[in-house]
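Open your viewer, set the chain to cartoon, and keep the selection box handy. We will go stop by stop, with something to select at each one.

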Amino acid sequence: MIAEAISAAIGFVKDAASRIASHFIDRALARRSRETEQRTTEIIIVDNRMQAAAVEYTRGRTTRDLALREIRATLARNQEIAAFDEYHSLLGQSPDGVDLIDLSKRAIELREQALDVVRQKLEHARHVTEMQRQQFERFFELKGKEVEILRHELDQRNKLGLLHLDLLREREAKQIQLKLDEIQGHWDRENWSGILSRTEMQQILATGQKRHRLLMLVSPPDISEDCPDAFVRNLQMDVRGALKQFLEEHYPATDDSCSVEFYGKFFKASVFDVEVKQLESLLAPVPTAVIYSDITDELVRLHIRLWGIERPFSITIPWDWERVKDTLVADRKISERDALRAIRQLIVKIHQWTAAFLADMYFLTINPHHSPRMYHVSDELPEELVGSSIQILRQVQADVSERYESQLRQLALDTEASAERMRRREEEDRALGPYKELRDLLESGRWLDADNLTRVLILKETERTAAGFLDQASVEKLSQTALETIDNLWRKYSAERFGFSAQQRVFAECDRDMHTFLIHAGWAQPISQNDYRPTLRFSLSAPEAHLPVGIWNLRKGTAFRDNHMAITQLFLDKLESRLPRVELRSSAQPEIAADGAVRRS
């Protein structure tokens with residue numbers, strides 16, 4: 001009887017699955033948004049622990065993939081042995097092996113069982129040559145290694161998935177604590193519709209701080225008095241009992257990778273939208289699915305509210321059970337009593353399917369390593385009833401997996417690039433030696449500090465630290481290596497705007513006249529015939545060739561006199577022979593970001 005009723009409910013389940021799935025992914029499956037693509041696995045990007053674990057997993061999987069290819073290539077050359085065909089016929093798979101999307105504990109167990117069957121048949125075979133036996137043994141060895149690799153792959157996926165869920169739990173824990181702090185106020189203001197006490201509600205919230213799980217709350221169906229007696233007397237208990245048994249077997253709360261905590265007697269009585277919204281205000285940080293229904297003498301209206309995801313949703317899906325009953329009675333020539341019993345059983349199956357589909361969709365969209373449990377519940381949910389929803393799950397799983405793989409590949413590339421940058425940085429640090437600190441200051445845009453350090457480095461190079469200034473003899477001591485290193489750093493981090501080369505170039509443009517150069521470089525303005533007032537600016541907006549300037553002891557309130565002129569001109573003259581000539585560049589201002597960094601074209 002239930003089989004006949006199931007065929008009448010296939011359209012309902014197909015429509016319900018599409019509607020639920022579209023809410024999880026924001027659009028119908030064919031029209032996914034970029035925002036959704038980024039959101040499903042966003043935690044990979046923002047958490048360092050997830051990044052490190054994902055990179056390690058990707059590297060290990062590359063090694064496992066190579067090993068699997070080698071094993072399968074070897075097996076492909078030995079397909080003529082009988083064990084090969086028999087093994088895959090037992091699995092119902094092609095010789096290419098298990099699809100990684102379908103990789104699960106169950107898939108590995110099936111492979112091990114198939115190997116045991118073939119091995120037992122070999123042990124009982126009497127007419128097997130030694131060569132054949134060696135082929136068989138080699139086959140068993142390779143298949144055993146394949147299973148071991150797949151099991152290791154599954155273990156690594158599970159670890160990564162658990163880490164993913166744990167990071168979600170950490171993210172939710174702060175919000176849960178806020179709810180714990182305010183729950184007393186809610187309790188005092190509201191006429192609570194549940195049977196749990198305030199302490200028990202606090203415990204539900206507190207559990208969410210310790211482990212990530214999906215709360216599954218089912219309200220007793222609100223059954224009209226006009227419904228058949230069998231619905232009024234038995235349906236509420238049927239739904240609650242069957243759903244509890246189903247979820248405990250396939251989605252147990254103890255399964256950290258897919259934990260569903262079921263409450264079949266959460267509410268005092270049937271609830272509707274107002275009570276559900278009241279509950280959501282209390283349990284907002286805890287991912288929760290509420291299934292509630294009302295049944296009239298014609299329709300079953302299945303209501304779903306799910307929160308704890310980025311965009312909570314509510315949907316109502318109607319099903320005309322009376323029409324199905326009339327069709328069963330007319331076409332199958334069964335009694336009305338039997339038809340009603342079949343429909344009652346089907347309503348229970350619909351509740352089980354709804355809970356399973358919600359759980360799998362939820363965990364798929366937050367954990368790219370989730371393996372939907374609905375793939376393995378055919379004993380309780382007939383394939384013809386859930387076939388369309390399984391197709392949707394596979395499509396969503398493939399889509400999530402594809403986006404996740406893309407993120408992993410990009411993460412691996414970024415990690416390699418980061419490692420390469422670090423390696424180059426270390427090499428640069430070693431090459432720069434005492435000039436490393438100058439590089440760091442210039443890189444961070446600390447121009448005044450970089451100018452001061454440049455002065456210190458040059459005075460140390462010329463052994464004039466104690467004197468605190470340069471003279472003619474010390475200028476002669478400046479090594480080309482020191483000049484080039486300091487100049488290159490200033491040029492690099494100012495986009496060729498500052499440095500000794502820039503000063504040499506501007507000096508040449510000023511016809512080697514110091515008075516003109518002082519004004520052109522923005523160092524000083526004349527205050528008398530021989531005196532100049534420094535006009536220094538330590539930013540990228542300063543005139544070209546403005547920095548470094550500290551080696552001349554120019555500071556606010558200190559006049560730039562003839563003795564400064566002479567030693568500065570001597571220094572600039574020496575640059576002509578010590579530094580390679582730099583081509584004249586455009587005088588256009590560099591593009592400067594808000595943080596002071598130079599944007600290079």
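Here is a walk through helices, aromatic rings and a few loop residues. Before you start, keep in mind that this is a predicted model.

**Stop 1: a helix to get your bearings**

Select residues 336–366, which make up helix α12. From first C-alpha to last, this 31-residue helix reaches 45 Å, close to the 45 Å expected at 1.5 Å a residue. Now add a surface: is α12 mostly covered or mostly open? It is mostly covered, with 25 of its 31 residues buried.

**Stop 2: aromatic rings**

Next, show the aromatic side chains as sticks. The structure holds 15 aromatic pairs. Begin with Phe12 and Trp319, a tilted pair whose centres are 6.2 Å apart and whose planes make an angle of 45°. This pair links distant parts of the chain, since Phe12 belongs to helix α1 (residues 2–24) and Trp319 to strand β6 (residues 313–320), 307 residues apart. Phe12 and Trp319 are both buried.

Then move to Trp447 and Phe498. Why is this pair called edge-to-face? The planes of the two rings stand at 85°, with 5.7 Å between the centres, so the pair is edge-to-face; the cut-off for that label is over 60 degrees. Here too, distant parts of the chain are linked: Trp447 is in helix α15 (residues 447–461), while Phe498 is in the loop between α17 (480–493) and α18 (500–509), 51 residues away. Trp447 and Phe498 are each buried.

For a group of rings, select Tyr263, Phe266 and Phe267, which form one aromatic cluster.

**Stop 3: arginines over rings**

Keep the sticks on and select Arg394 together with Tyr375. Arg394 lies over the face of Tyr375, 4.2 Å from the ring centre. Now pick Arg464 and Phe469, where the charged end of the arginine sits over the ring, at 4.8 Å from the centre.

**Stop 4: α14 and its partners**

Return to cartoon and colour residues 436–443, helix α14. With α15, its axis comes within 8 Å and crosses at roughly 160°. That angle makes α14 roughly antiparallel to α15. The crossing of these two helices, α14 and α15, is left-handed.

Now colour α17 as well. How do α14 and α17 cross, and at what angle? Their axes come within 9 Å and cross at roughly 15°, which makes α14 roughly parallel to α17. The crossing of α14 and α17 is right-handed.

Stay on α17 for a moment. Its 14 residues reach 20 Å from first C-alpha to last, close to the 20 Å expected at 1.5 Å a residue. Show its buried residues as sticks; among them are Leu483, Ile486, Asp487, Trp490 and Arg491.

**Stop 5: the loop after α17**

Slide along the chain past the end of α17 to Ala495, which follows the helix and has a positive phi, near 55°. Then click on Glu496, in the loop between α17 and α18. Glu496 also has a positive phi, about 70°, although it is not a glycine. Is Glu496 buried or partly exposed? Its relative accessibility is 30%, so Glu496 counts as partly exposed.

**Stop 6: two buried loop residues**

Select Cys227, in the loop between β2 (222–223) and α9 (229–250). Cys227 has a relative accessible area of 5% and is buried. Add Ile295 and draw a distance line: the C-alpha atoms of Cys227 and Ile295 are 7.6 Å apart, although 68 residues separate them in sequence.

Pro285 is the other one to select, in the loop between α10 (273–283) and β4 (288–295). Pro285 counts as buried because its relative accessibility is 7%, and the cut-off is under 20%. From its C-alpha to that of Glu172 is 6.1 Å, with their positions 113 residues apart along the chain.

**Stop 7: the loop between β8 and α20**

For the last stop, go to the loop between β8 (532–534) and α20 (562–578), where you will find Pro548. The peptide bond joining Leu547 and Pro548 is cis, with omega about 0°. In that loop between β8 and α20, also select Ala545. Ala545 has a positive phi of about 75° without being a glycine, and at 0% relative accessibility it counts as buried.

Methods. Residues numbered from 1 in each chain as written. Predicted model: local features only at pLDDT ≥ 70, side-chain atom pairs only at ≥ 80, totals over all residues. Heavy atoms only, no water. Helix = DSSP H or I, 4+ residues; strand = E, 2+ residues; numbered from the N terminus. Expected span 1.5 Å × (residues − 1). Buried < 20%, exposed > 50% of the residue type's maximum accessible area, 1.4 Å probe, protein only. Phe/Tyr/Trp six-rings, centres within 6.5 Å; stacked < 30°, edge-to-face > 60°. Lys NZ or Arg CZ within 6 Å of the ring centre and 35° of its normal. Axes fitted to C-alpha atoms, helices over the stretch in contact; angles between N-to-C directions. Parallel < 35°, antiparallel > 145°, perpendicular 65-115°, else oblique. Left-handed = near helix turned anticlockwise from the far one by under 90°.
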